[in-house]
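I opened this notebook to record two lookups: how the protein chains meet, and how the protein meets the DNA. The entries follow in the order in which I made them.

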Protein chains: 2
Amino acid sequence: MQRDTSQRRAIRRALEAAGRPLGALEVLEASQADAPGLGIATVYRNIKALLKAKEISEVQLPGEPPRYEAAGKDHHHHFRCDRCEKVYELGGACLPDLKNALPRGFKVSSHEVLVHGVCAACARK
Amino acid sequence: MQRDTSQRRAIRRALEAAGRPLGALEVLEASQADAPGLGIATVYRNIKALLKAKEISEVQLPGEPPRYEAAGKDHHHHFRCDRCEKVYELGGACLPDLKNALPRGFKVSSHEVLVHGVCAACARK
DNA sequence: CTATTTTTGATAACGTGTTATCATTATCAG
DNA sequence: CTGATAATGATAACACGTTATCAAAAATAG
């Protein structure tokens, strides 16, 4: 990642502007506004480069290909809309009494929460 | 699923005995004790049949192929050991104030929690 | 501006997990 | 017990997301 290309700028910008994790195809689509003709290979290449540079981070959800979001956010969880399948960011609200729920001898290093439901945009319809 | 084969019995038994979600290969391995010569195709076939019959249910974790567990358990979450990569069942301890964390207009239908860490067996070593 | 070298886009190839195929074996109704 | 047929095991084929290949285009140093 040594040259500053319009494609990479578009991809970076799309991920920052989204405010929610995007999958590779969502990145492609969102970036094509700024970078016409952008190809999927370039998206994957740049996602990998931006991950290595820690500008973005990977968000894995059960049973789905990875999504990516701007790096450096505070601890948060995600909401996945059952209708449009978009994933949103959830601030605050974390786990309370994890320790009590654990079998003896188990040690926690991290956790993740995924909330399913219908987002505001879809509920409106 | 009309005939009662030793293979299907072995698979059912392995999933019940495990007490934790097993992946397809774990099912294969665990079942081969009771059903020598068992093949992976039969495992996949029977997993599908048992799912349809609602005897087992699918457990999806981020970035991993599905696991399966006996159906009909109470609401619970899972713990994945970073070392041995086994997944355990966690009883109790559920989310508190989900509603407050949601953006306006979002509706929750369900949620899932995954705890990462080291299991008792691995911590001992 | 030019030469060098990275990056790109199209697409073939890949890896992993799962499903289809098909000849053989096992179950079970009669 | 026997015939009909469902189920099995080996393995080829598939699906999907991702990576590799390579000629052409674009970025940067000088």
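Entry 1, the shared strand pairing. I began with strand β6 (residues 107-118) of chain A and found that 11 bridges join it to β6(B), the two running antiparallel. I then looked up one end of the pairing: A:K107 has B:V118 as its bridge partner in β6(B). I note here that the model is predicted.

Entry 2, extent of the protein interface. I next asked how many residues each chain brings to the contact. Chain A contributes 36 residues and chain B contributes 36 residues. I looked up the area as well, since the size of an interface is often given as the accessible area lost when the parts come together. Between them, chain B and chain A bury about 2700 Å², and carbon and sulfur atoms carry 65% of that. On the chain B side, I recorded B:F106, B:E112 and B:H116 as the residues that lose the most area to chain A; together they make up 20% of what that side buries.

Entry 3, origin and composition of the chain B side. I listed the elements of chain B that each supply at least two residues of the side touching chain A: β5 (87-90), α4 (98-101), β6 (107-118) and α5 (120-124). The largest share comes from β6(B), with 12 residues. By class, I entered 22 nonpolar, 9 polar and 5 charged residues for this side of chain B.

Entry 4, polar links between the chains. How many salt bridges are there between chain B and chain A? I found a count of 0. For polar contacts, I recorded 12 residue pairs across the interface of chain B and chain A, with both residues at pLDDT 80 or more.

Entry 5, surroundings of DNA strand D. I turned to the DNA and found 21 residues around strand D, the closest being A:Y44, B:Q2, B:T5, B:T42 and B:R45. Of the atoms of strand D that come within 4 Å of the protein, 64% belong to sugar and phosphate. I noted that α3 (40-52) of chain A, and α1 (6-18) and α3 (40-52) of chain B, each supply at least two residues of the surface near strand D. The residues of that surface divide into 7 nonpolar, 7 polar and 7 charged.

Entry 6, individual contacts to strand D. Which part of DNA strand D lies 2.9 Å from a polar side-chain atom of B:R3? I found a base oxygen there. At the phosphates, I recorded a polar backbone atom of B:G37 at 3.3 Å from a phosphate oxygen of strand D, and a polar side-chain atom of B:N46 at 3.4 Å from a phosphate oxygen of strand D.

Definitions and conventions
Residues numbered from 1 in each chain as written. Chains lettered and ligands numbered in written order. Predicted model: local features only at pLDDT ≥ 70, side-chain atom pairs only at ≥ 80, totals over all residues. Heavy atoms only, no water. Contact = heavy atoms within 4.5 Å. Buried area = accessible area lost by both parts, 1.4 Å probe. Salt bridge = Lys/Arg side-chain N within 4 Å of Asp/Glu carboxyl O. Polar contact = N/O pair within 3.5 Å; in protein donor to acceptor, adjacent residues only side chain to side chain. Helix = DSSP H or I, 4+ residues; strand = E, 2+ residues; numbered from the N terminus. Nonpolar A, V, L, I, M, F, W, Y, C, P; charged D, E, K, R; others polar. Pairing = 2+ DSSP bridges. Near = heavy atom within 4 Å.
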